[in-house]
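Hi everyone, thanks for making time. I'd like to walk you through a structure that may be new to you, so let's put it up on the screen.

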Amino acid sequence: MFSNAIVRKPGKSIINGLTDANLGIPDYQKAINQHKVYINALIDCGLKVKVLEADENFPDSTFVEDVALLTPFCAIITNPGAKSRKGEIVGIKKTIQEYYTKIEEIHSPGTVEAGDIMMVGTHYFIGISERTNLNGAQQVIQILKKYGMTGSVIKLKNMLHLKTGLAYLENNNLVACGEFLSEPAFEKFNIIEIPLEESYAANCIWINGKVLIPKGYPITYSKIKEAGYVTVELEMSEFRKLDGGLSCLSLRF
Ligand code: CIR
C-alpha cells in the first residue's frame, strides 16, 4: 500500500520537452487541467499528495518518476541519461529529504531514469535503455542489496523506458505489451496482454487496489476490469505528446 505521492506541476516550458511521439506540441493549459485531475485521482486512492511548483528550467520535470526511486527502506536519487534532465535531481533531492533519512545517489558514468525500474515486492526489474545504462543498473542493484532488496536487469529493444510497456498490478498480475510479451523473466506472471494499437495504455498504475489507466483505450479498460480491478480513466493527451505516461507523473511511496 502507498501513503504518499510527490508530483510537480507542468511549466510553460513543457512545449520544449523531449519527444519522439510526433503528436504535436502540448497545450500548457490543457496539461495543467489534466494534471489537476491526476492529482485528485491520487487523493481518491488515499494518497497524501505533495505538489511541487513548476520548474521552468526543466521542460520534462513534471515527469518526476524518472529522477528518484523511493523504496520502503531508502530513496535513490537517479542520474538521468537525458542531458536536459540531469539538473532535475537538485530539486527532487530537497523534497525527498523531508521524507527519507537514507538517501543514496547514482553516479556517472552510471545513468538511471526510474521509469526504467519496476517494483515487484522487494524485487526491482531494471531496464537497460537509451537512458539507463548497465553501470547505473549495477549501482542500483548494489544499493538495493544493502537494504535487503534485490534487482535484475532487462534489456530493452524499442521502448523508451521499461514501464512504457509494463505495469505490475500486484497479485502476480503484470500488464505487458510488445517486446515484453516474449521476455522469459516475466513468464511466471499472469500476463494481461495489451495489443500494440493500445500500447500507450500499458503504462497504467496500481494504487491501493485501484488501477489508473489513460482514457480512450477500450481493450485495456475491459481487460483490467475483467481482472477484477476498480479502474479509473484519466485524460493524458498532452503528456502523451511528450512520451509521458501515468506512472511518470508521480513518485508513490
Ligand atoms: C522524456 O523523454 O524524458 C520525457 N519527455 C518523458 C518521460 C517519460 N517518463 C517515463 O516514462 N517514466
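**A quick tour of the chain**

Okay, so the secondary structure of this protein chain comes to 5 helices and 15 strands. The radius of gyration is 17 Å, and the globule rule gives 18 Å for 253 residues, so the chain is as compact as a globular protein of that length. One thing to keep in mind while you look: this is a predicted model.

If you'd like a feel for the dimensions, the C-alpha atoms fill a box of roughly 45 × 40 × 35 Å along the principal axes.

Now, how much of the chain is buried? Of the 253 residues, 55% count as buried. As for contacts, take those with a separation of 6 or more: residues 24 or more positions apart account for 67% of them.

On to the surface. The chain exposes about 11,200 Å², and 51% of that is supplied by carbon and sulfur atoms. For charges, there are 27 positive and 28 negative side chains. The centres of those two sets lie 5 Å apart.

Let's finish by zooming in on one residue, Thr231. Where does Thr231 lie? You'll find Thr231 in strand β14, which covers residues 230-234. And is Thr231 buried or exposed? The relative accessibility of Thr231 is 12%, and the cut-off for buried is under 20%, so Thr231 counts as buried. So what is around it? Setting aside neighbours within four places in sequence, Thr231 is in contact with Val211, Tyr221, Ile224 and Lys225.

That's my tour, happy to chat.

Terms used
Residues are numbered from 1 along each chain as its sequence is written. This is a predicted model: local features need pLDDT of at least 70, side-chain atom pairs count only at pLDDT 80 or more; totals for chains, interfaces and linings use all residues. Side-chain values use heavy atoms; hydrogens and water are left out. Helices (H or I, at least four residues) and strands (E, at least two) are DSSP runs, numbered from the N terminus. The radius of gyration is taken over C-alpha atoms; the globule rule is 2.2 Å times the number of residues to the power 0.38. Buried means under 20% relative accessible area, exposed over 50%, partly exposed in between (1.4 Å probe, protein chains only). Contact means heavy atoms within 4.5 Å. Accessible areas come from the Shrake-Rupley method with a 1.4 Å probe; for residues, only the protein chains shown count as cover. Lys and Arg count as positive and Asp and Glu as negative; His and the chain ends are not counted. The place of a charge is taken as NZ of Lys, CZ of Arg, CG of Asp or CD of Glu.
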